[in-house]
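Trainee: I would like to go through this model with you, one question at a time. Could we take the fold, the packing of helices, the cores and the chain contact in turn?

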Amino acid sequence: MTDCRSIRSHFTDYLDGHLRAARREAVDKHLAACAGCREEFAAHRHFLATCDEFLVPEEPAYSFAELRRRMTDVEPLAEIVAFVPKLRIRGPVPRFAVSCLLMLLAGGLPATFRFSRDMYHQARDPFLAYKARVEDQYKAAWDPQHAAELDRIANQAPGNRPV
Amino acid sequence: MADEAAVADIALMARVRLGDERAFEELHRRYQRRVLAFFYGMAGDGHAANDLCQETFLRVWKVRRRYRATGSFPGYLFGIARLIWLERCREWRKALRLGQATSFDDAWATLSDPGAHPDDRAARSETATEIRRALESLPEEQRIVFVMRTIRGLSLEDIAAALDCPINTVRSRKILAVKKLRHALAHLVPGPVGARY
């Protein structure tokens, strides 16, 4: 005969419908034969029913329309968050390569931005363009004697700037 | 029948992954009450339960692209619900630590809807309060298992998936939770013999 203690340990699973058919059958058989366990089973059922009665919620207090409004609020961030796990890179060599590329991009982007900003200002201001040309010439000639000339050009009044 | 429902859930979730709001609405309709029951069981407050339930579905929508149909959908959904609950508990503890609240009830009031009804709690019957107190005295994981077992259609496998632990662990947590509750509530719901399981 199956031990009462072992059978009683299955009462909760039995009542929740979480017991496999064979075990369930064993519990049924035991309950039919053992009056003590039957009494304990009834008490257990009453206990769980009392507890469960207080765990039943009221009607839901919100509709799907309300949820939909909140869904649209979080959309842009959710897209980014959802994209990040796709950047999984397998293997150390590809990882290293991607890291190098990211570092290059991180370092290169500000430099590119600075360069394009300078080019933009030079295109708008003829004096700056002239200064840049002179600078390039002196740099090419590697002649430090003309540094004073550069300073003179840089300090010129706007009206006297060469074009 | 249950298998068909499980397949349908997974098919719906596959559509949700592609951004189909109608499929999401259908999933929401199917599971809203069950998720609400879970949070009501954990928090014991209708307002809190509704708020956390919305939060759970919102999270499912946010991370929908990461969904992989490797297990049951209820296991996945209640796993998210459990995480939301644990996150909220951490916020409560923080509020308590910072002195913004002196009890969990206060902490909840600080963090949730300011229009929550304290009278609701006062009106709750004495038995309900006793049961709630006994439930709150359980360790978090045992309480989650005890509450999840009351949710219709949630198998032990689903609970194990939601808790990310073996089925036998779920079973033992459940037995322990029931044992402790029966001991704590012996005066309310007397049994013929002492709880021996």
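Trainee: How many helices and how many strands are there in chain B?

Mentor: Bear in mind that this is a predicted model. From the N terminus on, the elements of chain B run α-α-α-α-α-α-α-α-α-α, and the count for chain B is accordingly ten helices and zero strands.

Trainee: Among contacts in chain B between residues at least 6 apart in sequence, what percentage join residues at least 24 apart?

Mentor: As background, chain B has 197 residues, of which 37% count as buried. For the contacts in chain B that span at least 6 positions in sequence, the share joining residues at least 24 apart is 59%.

Trainee: Which helix of chain B gives the largest share of the largest nonpolar core?

Mentor: The largest nonpolar core has 50 residues, and B:Phe38, B:Phe39 and B:Met148 are those with the most contacts inside it. Leaving aside residues up to four places away in sequence, B:Met148 touches B:Phe38, B:Phe78, B:Leu154, B:Ile159 and B:Ala162. The largest share of this core is eleven residues, and it comes from residues 21-43 of chain B, helix α2.

Trainee: Are α3(B) and α4(B) parallel, perpendicular or oblique to each other?

Mentor: The axes of helix α3 (residues 46-62) of chain B and helix α4 (residues 73-97) of chain B come within 9 Å and cross at roughly 125°. An angle from 65 to 115 degrees would count as roughly perpendicular and one over 145 as roughly antiparallel, so the relation of α3(B) to α4(B) is oblique.

Trainee: How many residues in the contact of α3(B) with α4(B) are charged?

Mentor: On the α3(B) side the contact is made by B:Leu52, B:Glu55, B:Thr56, B:Arg59 and B:Val60, and on the α4(B) side by B:Leu77, B:Ile80, B:Ala81, B:Ile84, B:Trp85 and B:Arg88. By class, the residues of this contact divide into seven nonpolar and one polar, with the charged ones numbering three.

Trainee: What is the handedness of the crossing of α4(B) and α9(B)?

Mentor: α4(B) packs against helix α9 (residues 156-163) of chain B at an angle of about 45°, with their axes 7 Å apart, and the two helices are therefore oblique to each other. In this contact B:Pro74, B:Gly75, B:Phe78, B:Gly79 and B:Arg82 of α4(B) meet B:Asp158, B:Ala161, B:Ala162 and B:Leu163 of α9(B). The crossing of α4(B) and α9(B) is right-handed.

Trainee: Is α8(B) roughly parallel or roughly perpendicular to α10(B)?

Mentor: Helix α8 (residues 140-148) of chain B and helix α10 (residues 167-184) of chain B have axes that come within 8 Å and cross at roughly 95°. B:Glu141, B:Gln142, B:Arg143, B:Val145 and B:Phe146 in α8(B) meet B:Val170, B:Arg173, B:Lys174, B:Leu176 and B:Ala177 in α10(B). Since 65 to 115 degrees is the applicable range, α8(B) and α10(B) are, by their crossing angle, roughly perpendicular.

Trainee: Is A:Ala26 buried, partly exposed or exposed?

Mentor: A:Ala26 lies in helix α3 (residues 21-33) of chain A, and its C-alpha is 8.2 Å from that of A:Ile7, which is 19 residues away in sequence. A:Ala26 has 16 C-beta neighbours inside 10 Å, so A:Ala26 counts as partly exposed.

Trainee: On the side of chain A that touches chain B, how many residues are nonpolar?

Mentor: The contact takes 35 residues from chain A and 39 residues from chain B. On the chain A side, six residues are polar and ten charged, while the nonpolar residues number 19.

Technical notes: Residues are numbered from 1 along each chain as its sequence is written. Chains are lettered from A and ligands numbered from 1 in the order in which they are written. This is a predicted model: local features need pLDDT of at least 70, side-chain atom pairs count only at pLDDT 80 or more; totals for chains, interfaces and linings use all residues. A nonpolar core is a set of buried Ala, Val, Leu, Ile, Met, Phe, Trp, Tyr and Cys residues joined through C-beta atoms within 7 Å. A residue is buried if 20 or more other C-beta atoms lie within 10 Å of its own, exposed if 12 or fewer, and partly exposed in between; C-beta atoms are placed from the backbone. Helices (H or I, at least four residues) and strands (E, at least two) are DSSP runs, numbered from the N terminus. Two residues are in contact if their C-beta atoms, placed from the backbone, lie within 7 Å. Ala, Val, Leu, Ile, Met, Phe, Trp, Tyr, Cys and Pro count as nonpolar, Asp, Glu, Lys and Arg as charged, and the others, Gly among them, as polar. Axes are lines fitted to C-alpha atoms, for helices over the stretch in contact, and angles run from 0 to 180 degrees between N-to-C directions. Angles under 35 degrees count as roughly parallel, over 145 as roughly antiparallel, 65 to 115 as roughly perpendicular and the rest as oblique. A crossing is left-handed if the near helix is turned anticlockwise from the far one by less than a right angle, and right-handed if clockwise.
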